[in-house]
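Me: I should like to understand how the descriptive terms applied to a protein model are justified. Please take them one at a time and set each value against its cut-off.

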Amino acid sequence: MFDNALFRWLKGFGGKTGRPTVLVKELGERDRRRILRHFLALDDNDRLLRFGSVIPDDAIAKYVEKIDFRQDIVFGVVSRVFQLVGVGHLAFAKADKGKPTQKERVAEFGVSVSKSARGQGVGSRLFQRAAIHCRNADVDTLYMQCLTSNQTMMHIARKAGMEIKREYGEADAYLQLPPPSPASVMAEALEEQWAVIDYTVKANARAAAKWLGPKK
């Protein structure tokens with residue numbers, strides 16, 4: 001899936017017929033509150049699929065508070081009305097002995113998608129962005145942990161060619177990534193540039209609507 005990263009990005013940029021283009025932007029400190037709102041809006045079943053258990057609001061708040069944007073990478077997809085409808089958290093860790101890599105680090109990916117954005121390819125696009133970022137960061141092993149009942153994530157894992165191991169209702173999947181190339185670097189840079197423009201336009205439109213809307 002990563003032999004021609006730039007071609008695949010250009011093909012994916014057009015989106016599928018009847019679907020809006022899904023642009024994935026790297027999030028930062030100023031998005032922390034939006035990330036929190038996204039997670040708090042998940043119902044019990046979605047929290048189970050994302051975190052492995054139905055965690056309460058205060059636990060989600062602590063999780064979001066501890067995200068270190070200097071070390072981890074968080075990606076987001078914003079809707080037309082400037083709401084986060086998809087969040088992917090890419091965490092890096094030192095590779096343990098016995099892991100299928102010769103690199104110093106591995107990465108683990110977790111993703112959640114709002115109900116309003118299901119069926120639009122948001123989860124797949126978040127995963128693809130995480131994978132190409134790992135590739136360009138010289139990380140060749142990407143892990144994803146999910147419940148075997150999470151059919152959406154299992155589909156994404158299989159589609160990506162990830163090796164899946166099941167144990168006690170959970171699935172550990174990992175994907176071996178090729179080294180970076182000029183095309184993969186260009187693809188990630190182009191997507192981020194387009195996503196920043198999209199993010200800015202939607203943010204300004206949201207601010208204008210609040211400013212010009214009826215005062216309460």
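**Terms and their reasons**

Reply: Let us begin with a residue of intermediate accessibility in this predicted model. Y63 has a relative accessible area of 23%, and the term partly exposed covers values between 20% and 50%, so Y63 is called partly exposed.

Me: Why is the pair of Y143 and Y174 called tilted?

Reply: The ring centres are 5.7 Å apart, and rings pair if their centres lie within 6.5 Å. The planes stand at 45 degrees, whereas stacked requires under 30 degrees and edge-to-face over 60. The angle fits neither of these terms, so the pair is tilted.

Me: What makes this pair a tie between separate parts of the sequence?

Reply: Y143 belongs to strand β5 (residues 141-147) and Y174 to strand β7 (residues 170-176), so the pair ties together parts that are 31 residues apart in sequence. Both Y143 and Y174 are buried.

Me: How many aromatic pairs does a search of the whole structure find?

Reply: The search finds six aromatic pairs. One of them joins F51 and Y63, with 5.3 Å from centre to centre and 80 degrees between the planes. An angle over 60 degrees counts as edge-to-face, and the pair of F51 and Y63 is accordingly given that name. F51 lies in helix α3 (residues 44-51) and Y63 in helix α4 (residues 57-65), 12 residues apart. Together with F39, these two residues form one aromatic cluster.

Me: How do you know that the charge of K25 sits over the ring of Y199?

Reply: The charged end of K25 is 4.5 Å from the centre of the Y199 ring, and the distance limit for this term is 6 Å. R105 likewise lies over the face of F92, at 4.5 Å from the ring centre.

Me: What makes β2 largely enclosed by the rest of the structure?

Reply: Six of the six residues of β2 are buried, so the strand is largely enclosed by the rest of the structure. In a regular strand the side chains alternate between the two faces of the sheet. In β2 (73-78), I73, F75 and V77 are buried on one side, and V74, G76 and V78 on the other.

Me: How do you know that β2 pairs with β1 and with β3?

Reply: Two strands pair if there are at least two bridges between them. Two bridges join β1 (residues 25-26) to β2, and six join β2 to β3 (residues 84-94). The strands run antiparallel in each case. E26 has F75 as its bridge partner in β2, while V78 stands opposite L84 in β3. The hairpin of β2 and β3 has five residues between the strands, and F82 takes a positive phi near 60 degrees there.

Me: Why is A205 called partly exposed?

Reply: The relative accessibility of A205 is 46%, and exposed would require over 50%, buried under 20%. The value falls in between, so A205 counts as partly exposed. A205 is found in helix α7, and its C-alpha is 8.5 Å from that of F82, although the two are 123 residues apart in sequence.

Me: Which residues line the largest cavity?

Reply: The lining consists of L23, K25, L27, G76, V78, A195, D198 and Y199. By class, there are five nonpolar, one polar and two charged residues; Gly counts as polar. Helix α7 (182-212) gives the most, with three residues. About 40 Å³ of space lies in this cavity.

Definitions and conventions: Residues numbered from 1 in each chain as written. Predicted model: local features only at pLDDT ≥ 70, side-chain atom pairs only at ≥ 80, totals over all residues. Heavy atoms only, no water. 1 Å grid on protein atoms, 1.4 Å probe; cavity = no way out; pocket = protein on both sides within 12 Å on 5 of 7 lines; lining within 4 Å. Points joined across faces, edges and corners; volume = space filled by probe spheres on them. Helix = DSSP H or I, 4+ residues; strand = E, 2+ residues; numbered from the N terminus. Buried < 20%, exposed > 50% of the residue type's maximum accessible area, 1.4 Å probe, protein only. Lys NZ or Arg CZ within 6 Å of the ring centre and 35° of its normal.
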